Amino acid sequence: MDIPDDIFTEPDKAVDTLANLGPLRRLAGTWEGKRGHDINPKGDGPEHRDYFERIVMQPIDAQPNGPQLFYGLRYHVHINTPEEEITFHDQVGYWLWEPATGLILQTVAIPRGQVAIAAGRAEPDAKQLVLKAERGQTEYGICSTSFLELAFRTDSYTITVDFHDDGSWSYVLDTILQVHGQSEPFLHRDRNHLVKVAEPDLNPWAKLEAAAD
């Protein structure tokens with residue numbers, strides 16, 4: 001990217017994040033999916049697990065990096081399986097949209113010692129989003145604990161989101177793993193279809209403005 005001479009001056013920011021999310025607007029709200037399927041590595045071969053999840057995505061105030069400006073959603077993913085009450089997967093992060101360039105980011109943090117930033121580009125009315133992160137990259141990369149790096153090294157992360165005409169959306173999430181003791185990379189895949197169960201709140205700044213009116 002081109003760096004402007006002035007890296008400090010911030011652009012004007014819109015109060016209402018929901019009106020400035022571009023393609024991410026369709027992700028705002030609370031979602032549930034009961035058709036999840038996971039393929040993960042085990043010592044005796046791939047394991048297939050069905051799962052159900054709940055995703056909460058709420059708008060945040062506009063976020064500037066000097067002249068760079070993002071609008072976004074803070075999210076929390078919680079996943080369980082029919083067989084167990086204990087959490088199968090927990091994840092937090094942000095979906096971010098840069099209107100000036102069409103850049104989309106997803107930050108990923110999971111409580112097993114792994115974080116990532118995945119990036120892609122899309123038009124405001126896009127019906128599909130594709131974001132990717134790769135191990136070893138300093139911009140849009142993956143960082144793991146020493147154990148995960150040695151035992152279940154994640155070489156790439158790709159998420160594909162498809163928006164459907166009925167307002168629902170689905171995703172396919174592929175992570176390429178190098179599992180200790182195995183000669184070939186392992187394709188770890190998750191997929192689900194989600195429907196909205198609650199509308200989003202306003203972002204904090206918009207709430208203050210609404211209360212003042």
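Lys 132 is partly exposed in this predicted model, because its relative accessibility of 39% lies between the 20% and 50% limits that separate buried from exposed residues. The side chain of Lys 132 meets that of Glu 134 in a salt bridge, with an N to O distance of 3.5 Å. Glu 134 is likewise assigned to the partly exposed class, at a relative accessible area of 33%.

**Salt bridges**

Salt bridges that share partners also join Glu 47, Arg 49, Glu 83 and Glu 84 into one network. The structure as a whole contains eleven salt bridges. Three of these pairs are set out below.

| Acidic residue | Basic residue | N to O distance |
|---|---|---|
| Glu 32 | Arg 54 | 2.7 Å |
| Glu 83 | Arg 49 | 3.4 Å |
| Glu 134 | Lys 132 | 3.5 Å |

In the pair formed by Glu 32 and Arg 54, the side chains meet at 2.7 Å, N to O. Glu 32 belongs to strand β1 and Arg 54 to strand β2, so this salt bridge ties together parts that are 22 residues apart in sequence. Both partners fall into the intermediate class of accessibility: Glu 32 is partly exposed at 30%, and Arg 54 is partly exposed at 39%.

The salt bridge between Glu 83 and Arg 49 has its closest N and O atoms 3.4 Å apart. This pair links distant parts of the chain, with Glu 83 in the loop between β4 (68-81) and β5 (84-98) and Arg 49 in strand β2, a separation of 34 residues. The surroundings of the two partners can be described separately. Glu 83 counts as exposed because its relative accessibility is 56%, a value over the 50% limit for that class. Arg 49, by contrast, is buried, with a relative accessible area of 14%, which is under the 20% limit.

**Pockets**

The largest pocket holds about 960 Å³ of space. Its lining comprises 37 residues, of which His 89, Ile 110, Arg 112, His 188 and Asp 190 are the closest to its centre. Strand β2 (residues 47-59) supplies the largest share of this lining, namely six residues. When the lining of the largest pocket is sorted by class, 22 residues are nonpolar, eight are polar and seven are charged.

For the second largest pocket, the volume is about 220 Å³. Its lining consists of Met 1, Gln 68, Glu 98, Thr 101, Leu 103, Ala 119, Gly 120, Arg 121, Glu 139 and Tyr 140. Strand β7 (residues 114-121) makes the largest contribution to this lining, with three residues. The lining of the second largest pocket divides into four nonpolar, three polar and three charged residues.

**Met 1 and the nonpolar surface patch**

Met 1, one of the residues lining the second largest pocket, is located in the segment before β1 (29-40). Met 1 is classed as exposed because its relative accessibility is 81%. Together with Ile 3, Ile 7 and Phe 8, Met 1 forms a nonpolar patch on the surface. The accessible area of these four residues together is about 550 Å².

Terms used
Residues numbered from 1 in each chain as written. Predicted model: local features only at pLDDT ≥ 70, side-chain atom pairs only at ≥ 80, totals over all residues. Heavy atoms only, no water. Patch = residues over 30% accessible without salt bridge, like charges linked within 9 Å, V, L, I, M, F, W, Y side chains within 5 Å. Areas by Shrake-Rupley, 256 points an atom, 1.4 Å probe, with all protein chains shown as cover. Helix = DSSP H or I, 4+ residues; strand = E, 2+ residues; numbered from the N terminus. Buried < 20%, exposed > 50% of the residue type's maximum accessible area, 1.4 Å probe, protein only. 1 Å grid on protein atoms, 1.4 Å probe; cavity = no way out; pocket = protein on both sides within 12 Å on 5 of 7 lines; lining within 4 Å. Points joined across faces, edges and corners; volume = space filled by probe spheres on them. Nonpolar A, V, L, I, M, F, W, Y, C, P; charged D, E, K, R; others polar.
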